[in-house]
Amino acid sequence: MLTVPYKDITPQQAQELLEEKVLFVDVREAEEFANSRIPGAKLVPLSEFAGRAAELPKDEPVVLYCRSGGRSAQAAAWLAAKGYARVLNLDGGILAWYRAGLPLDTVPVEVTYRETAFTELTPHEAKAWVDAGAYVVDVREPYEYAMGHLPGAVNVPLGRFVAQAGQLPKGRKILLACASGNRSSQAAAYLVGQGFGKELVGNLEGGTYGWMSAGFEVER
(Lines give C-alpha, C1' and ligand atoms only; values in the text may rest on other atoms or scores of the structure.)
Protein backbone atom coordinates (compact mmCIF):
# COMPACT_ATOMS: atom_id res chain seq x y z
CA MET A 1 0.00 0.00 0.00
CA LEU A 2 1.36 3.39 -1.04
CA THR A 3 1.70 6.05 1.63
CA VAL A 4 1.53 9.77 0.93
CA PRO A 5 4.72 11.49 2.18
CA TYR A 6 2.85 14.60 3.31
CA LYS A 7 -0.40 15.30 5.14
CA ASP A 8 -3.60 16.75 3.70
CA ILE A 9 -5.41 19.13 6.04
CA THR A 10 -8.87 20.70 6.06
CA PRO A 11 -9.46 24.45 5.79
CA GLN A 12 -10.37 24.50 9.49
CA GLN A 13 -7.09 22.82 10.45
CA ALA A 14 -5.26 25.23 8.19
CA GLN A 15 -6.95 28.21 9.84
CA GLU A 16 -5.70 27.04 13.24
CA LEU A 17 -2.16 26.81 11.88
CA LEU A 18 -2.44 30.26 10.31
CA GLU A 19 -3.36 31.65 13.72
CA GLU A 20 -0.23 29.95 15.08
CA LYS A 21 1.84 31.85 12.49
CA VAL A 22 2.79 28.73 10.52
CA LEU A 23 4.21 29.57 7.08
CA PHE A 24 1.69 29.33 4.21
CA VAL A 25 3.06 28.99 0.67
CA ASP A 26 0.97 29.73 -2.40
CA VAL A 27 2.22 27.71 -5.38
CA ARG A 28 -0.12 29.30 -7.94
CA GLU A 29 1.17 31.67 -10.59
CA ALA A 30 1.77 35.35 -9.98
CA GLU A 31 -1.42 36.70 -11.55
CA GLU A 32 -3.56 34.30 -9.48
CA PHE A 33 -1.82 35.36 -6.28
CA ALA A 34 -2.24 39.04 -7.19
CA ASN A 35 -6.04 38.72 -7.24
CA SER A 36 -6.57 36.98 -3.90
CA ARG A 37 -4.59 34.95 -1.41
CA ILE A 38 -4.67 33.53 2.11
CA PRO A 39 -3.53 36.35 4.42
CA GLY A 40 0.23 36.39 4.95
CA ALA A 41 1.00 33.67 2.39
CA LYS A 42 4.34 33.60 0.59
CA LEU A 43 4.28 33.20 -3.20
CA VAL A 44 6.49 30.46 -4.64
CA PRO A 45 4.94 29.42 -7.98
CA LEU A 46 5.17 25.75 -8.89
CA SER A 47 7.06 26.77 -12.03
CA GLU A 48 9.83 28.21 -9.79
CA PHE A 49 9.55 25.69 -6.98
CA ALA A 50 12.60 23.49 -7.50
CA GLY A 51 14.88 26.51 -7.70
CA ARG A 52 13.43 28.22 -4.62
CA ALA A 53 12.72 25.36 -2.21
CA ALA A 54 15.73 26.38 -0.13
CA GLU A 55 13.74 29.47 0.93
CA LEU A 56 11.45 27.22 2.99
CA PRO A 57 12.25 25.90 6.49
CA LYS A 58 13.11 22.21 6.45
CA ASP A 59 12.22 21.27 10.03
CA GLU A 60 9.20 23.52 10.63
CA PRO A 61 5.63 23.01 9.42
CA VAL A 62 4.80 24.48 6.02
CA VAL A 63 1.30 24.64 4.57
CA LEU A 64 1.12 24.57 0.77
CA TYR A 65 -1.93 25.51 -1.25
CA CYS A 66 -3.06 26.30 -4.78
CA ARG A 67 -6.47 26.73 -6.43
CA SER A 68 -7.85 23.26 -5.78
CA GLY A 69 -5.05 21.23 -4.18
CA GLY A 70 -3.47 19.54 -7.21
CA ARG A 71 -0.42 21.70 -7.81
CA SER A 72 0.26 22.04 -4.09
CA ALA A 73 0.12 18.24 -3.74
CA GLN A 74 2.87 18.00 -6.38
CA ALA A 75 4.95 20.56 -4.49
CA ALA A 76 4.30 18.81 -1.17
CA ALA A 77 5.42 15.45 -2.53
CA TRP A 78 8.54 17.04 -3.98
CA LEU A 79 9.44 18.70 -0.67
CA ALA A 80 8.85 15.48 1.25
CA ALA A 81 11.15 13.64 -1.14
CA LYS A 82 13.80 16.28 -0.43
CA GLY A 83 13.66 15.60 3.30
CA TYR A 84 11.16 18.23 4.46
CA ALA A 85 9.56 16.50 7.42
CA ARG A 86 6.49 18.63 8.21
CA VAL A 87 4.80 19.31 4.87
CA LEU A 88 1.05 19.98 4.87
CA ASN A 89 -1.24 20.35 1.85
CA LEU A 90 -4.49 22.31 2.00
CA ASP A 91 -7.04 19.82 0.68
CA GLY A 92 -9.27 21.52 -1.87
CA GLY A 93 -7.01 24.55 -2.09
CA ILE A 94 -8.05 28.16 -1.82
CA LEU A 95 -11.49 27.24 -3.22
CA ALA A 96 -12.18 25.06 -0.19
CA TRP A 97 -10.82 27.79 2.07
CA TYR A 98 -13.22 30.33 0.53
CA ARG A 99 -16.18 27.94 0.65
CA ALA A 100 -15.50 27.37 4.35
CA GLY A 101 -16.06 31.09 4.90
CA LEU A 102 -12.45 31.79 5.87
CA PRO A 103 -10.84 35.18 5.15
CA LEU A 104 -9.05 36.09 1.94
CA ASP A 105 -6.71 38.98 1.28
CA THR A 106 -8.09 40.62 -1.86
CA VAL A 107 -6.08 43.84 -1.74
CA PRO A 108 -4.46 44.10 -5.19
CA VAL A 109 -0.73 43.49 -5.10
CA GLU A 110 1.85 43.83 -7.82
CA VAL A 111 3.82 40.66 -8.27
CA THR A 112 6.06 39.68 -11.13
CA TYR A 113 7.72 36.54 -12.30
CA ARG A 114 11.32 36.15 -11.34
CA GLU A 115 13.71 35.89 -14.21
CA THR A 116 14.03 32.22 -14.92
CA ALA A 117 17.29 30.70 -13.77
CA PHE A 118 17.50 28.70 -16.98
CA THR A 119 16.99 29.29 -20.72
CA GLU A 120 13.42 29.04 -22.04
CA LEU A 121 13.36 27.66 -25.58
CA THR A 122 10.64 27.68 -28.21
CA PRO A 123 10.24 24.40 -30.12
CA HIS A 124 12.29 25.80 -33.01
CA GLU A 125 15.05 26.96 -30.66
CA ALA A 126 14.96 23.57 -28.94
CA LYS A 127 15.24 21.84 -32.34
CA ALA A 128 18.42 23.84 -32.98
CA TRP A 129 19.81 22.61 -29.66
CA VAL A 130 18.94 19.01 -30.55
CA ASP A 131 20.53 19.33 -33.97
CA ALA A 132 23.67 20.76 -32.34
CA GLY A 133 24.00 17.73 -30.06
CA ALA A 134 22.30 18.79 -26.83
CA TYR A 135 21.71 16.10 -24.20
CA VAL A 136 17.93 15.71 -24.07
CA VAL A 137 16.20 14.61 -20.86
CA ASP A 138 12.49 13.76 -20.69
CA VAL A 139 11.25 14.06 -17.09
CA ARG A 140 7.84 12.47 -17.65
CA GLU A 141 6.82 9.06 -16.37
CA PRO A 142 7.98 6.01 -18.37
CA TYR A 143 4.54 5.35 -19.86
CA GLU A 144 4.39 8.94 -21.14
CA TYR A 145 7.91 8.69 -22.52
CA ALA A 146 6.97 5.48 -24.36
CA MET A 147 4.09 7.26 -26.11
CA GLY A 148 6.51 9.60 -27.88
CA HIS A 149 9.59 11.63 -26.96
CA LEU A 150 12.13 13.95 -28.53
CA PRO A 151 14.71 12.17 -30.67
CA GLY A 152 17.51 10.73 -28.54
CA ALA A 153 15.93 11.76 -25.23
CA VAL A 154 16.75 9.80 -22.10
CA ASN A 155 14.02 9.25 -19.53
CA VAL A 156 14.65 10.54 -16.01
CA PRO A 157 11.25 10.96 -14.31
CA LEU A 158 10.94 14.03 -12.12
CA GLY A 159 10.47 11.86 -9.04
CA ARG A 160 13.97 10.42 -9.55
CA PHE A 161 15.56 13.54 -10.98
CA VAL A 162 17.30 14.78 -7.84
CA ALA A 163 18.92 11.39 -7.27
CA GLN A 164 20.17 11.14 -10.86
CA ALA A 165 21.01 14.76 -11.66
CA GLY A 166 24.67 14.23 -10.75
CA GLN A 167 25.01 11.83 -13.69
CA LEU A 168 24.16 14.51 -16.25
CA PRO A 169 27.00 16.16 -18.24
CA LYS A 170 27.84 19.58 -16.80
CA GLY A 171 29.80 20.95 -19.73
CA ARG A 172 27.20 20.16 -22.38
CA LYS A 173 23.88 21.75 -23.29
CA ILE A 174 21.01 19.94 -21.58
CA LEU A 175 17.46 20.25 -22.90
CA LEU A 176 14.66 19.34 -20.45
CA ALA A 177 11.25 18.28 -21.72
CA CYS A 178 7.94 17.02 -20.34
CA ALA A 179 4.35 17.16 -21.61
CA SER A 180 3.76 20.91 -21.29
CA GLY A 181 6.96 22.49 -19.92
CA ASN A 182 5.95 22.61 -16.25
CA ARG A 183 7.72 19.58 -14.79
CA SER A 184 10.76 20.19 -16.96
CA SER A 185 11.00 23.78 -15.71
CA GLN A 186 11.32 22.42 -12.17
CA ALA A 187 14.12 20.11 -13.29
CA ALA A 188 15.85 22.93 -15.17
CA ALA A 189 15.73 25.23 -12.15
CA TYR A 190 17.14 22.47 -9.96
CA LEU A 191 20.11 21.91 -12.30
CA VAL A 192 21.01 25.60 -12.29
CA GLY A 193 20.77 25.57 -8.51
CA GLN A 194 23.27 22.70 -8.51
CA GLY A 195 25.85 24.65 -10.50
CA PHE A 196 24.90 23.83 -14.08
CA GLY A 197 25.36 26.91 -16.27
CA LYS A 198 22.16 28.83 -17.08
CA GLU A 199 23.18 29.13 -20.71
CA LEU A 200 23.61 25.34 -20.90
CA VAL A 201 20.26 24.40 -19.33
CA GLY A 202 17.22 24.75 -21.57
CA ASN A 203 13.52 24.14 -20.96
CA LEU A 204 11.23 23.27 -23.87
CA GLU A 205 8.32 25.71 -23.73
CA GLY A 206 5.07 23.89 -24.36
CA GLY A 207 6.77 20.55 -23.85
CA THR A 208 6.38 17.58 -26.16
CA TYR A 209 2.95 18.82 -27.22
CA GLY A 210 4.47 22.09 -28.36
CA TRP A 211 7.23 20.19 -30.15
CA MET A 212 4.74 18.09 -32.13
CA SER A 213 2.50 21.10 -32.80
CA ALA A 214 5.49 22.76 -34.45
CA GLY A 215 5.66 19.82 -36.85
CA PHE A 216 8.66 18.03 -35.34
CA GLU A 217 8.77 14.26 -35.07
CA VAL A 218 8.98 12.19 -31.91
CA GLU A 219 10.46 8.75 -31.31
CA ARG A 220 8.56 5.82 -29.84
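**Group meeting talk: two cores, one sheet**

Let me begin with one residue: leaving aside neighbours within four places in sequence, Gln-15 is in contact with Trp-97, Leu-102 and Pro-103, where contact means heavy atoms within 4.5 Å. Before going on, a word on what we are looking at: this is a predicted model, in which local features need pLDDT of at least 70, side-chain atom pairs count only at pLDDT 80 or more, and totals for chains, interfaces and linings use all residues. Residues are numbered from 1 along each chain as its sequence is written, and side-chain values use heavy atoms, with hydrogens and water left out.

Back to Gln-15, then. This residue lies in helix H1; helices (H or I, at least four residues) and strands (E, at least two) are DSSP runs, numbered from the N terminus. Is Gln-15 buried or exposed? Its relative accessibility is 17%, so Gln-15 counts as buried. For the cut-offs, buried is under 20% relative accessible area, exposed is over 50%, and partly exposed is in between, with a 1.4 Å probe and protein chains only.

Gln-15 has company in H1, which covers residues 11–19: Pro-11, Ala-14, Leu-17 and Leu-18 are also buried there. Looking down the axis of H1, you find the buried residues within an arc of 165°, so they line one face of the helix. That arc is taken over the directions from the helix axis to the C-beta atoms. And what do those residues pack against? The partners are strand S1 (7–9), strand S2 (23–26), S4, strand S5 (87–90) and helix H5 (93–99). Just after H1, Lys-21 takes a positive phi of about 70°.

Now for the cores. By a nonpolar core I mean a set of buried Ala, Val, Leu, Ile, Met, Phe, Trp, Tyr and Cys residues joined through side-chain atoms within 4.5 Å. In soluble globular proteins, nonpolar side chains tend to be buried together. Here the largest core has 38 residues, and those with the most contacts inside it are Phe-49, Leu-64, Leu-79, Phe-161, Leu-176 and Leu-191. Two or more residues each come from helix H3 (49–52), strand S4 (62–65), helix H4 (70–81), helix H8 (158–164), strand S9 (174–177) and helix H9 (182–193). Which of these gives the largest share? That would be H9, with 6 residues. There is also a second, separate core of 18 residues, and Ala-14, Phe-33, Leu-90 and Trp-97 are included in it.

Let's stay with H9 for a moment. Its 12 residues reach 17 Å from first C-alpha to last, close to the 16 Å expected at 1.5 Å a residue; that expected span is 1.5 Å times one less than the number of residues. H9 is mostly covered, with 9 of its 12 residues buried, among them Ser-184, Gln-186, Tyr-190 and Leu-191. The cover includes H3, H4, H8, S9 and strand S10 (201–204). One residue to click on is Ala-188, which is buried with a relative accessible area of 0%. Apart from neighbours within four places in sequence, Ala-188 is in contact with Phe-118, Leu-176, Val-201 and Asn-203. Its C-alpha is 6.5 Å from that of Leu-176, 12 residues apart along the chain. After H9 comes Gly-195, whose phi is positive, near 100°.

That brings us to the sheet. It is open, with 5 strands in the order S6-S10-S9-S7-S8 and parallel pairing; strands pair if DSSP finds at least two bridges between them. The edge strands are S6 (119–121) and S8, each pairing on one side only. Between S9 and S10 there are 3 bridges, and Leu-175 has Gly-202 as its bridge partner in S10. H9 packs on the sheet, touching S9 and S10, and its direction makes about 170° with that of S10. For that angle, axes are lines fitted to C-alpha atoms, for helices over the stretch in contact, and angles run from 0 to 180 degrees between N-to-C directions.

On the other side of S9 in the strand order is S7. S7 (residues 135–138) joins S9 through 4 bridges, while S7 and S8 (residues 154–155) pair over 2. Asp-138 takes part in both pairings: its bridge partner is Ala-177 in S9 and Asn-155 in S8.

My last stop is Ala-153, in the loop between helix H7 (142–146) and S8. Ala-153 has 6% relative accessibility and so counts as buried. Beyond residues up to four places away in sequence, Ala-153 touches Val-136, Asp-138 and Tyr-145.
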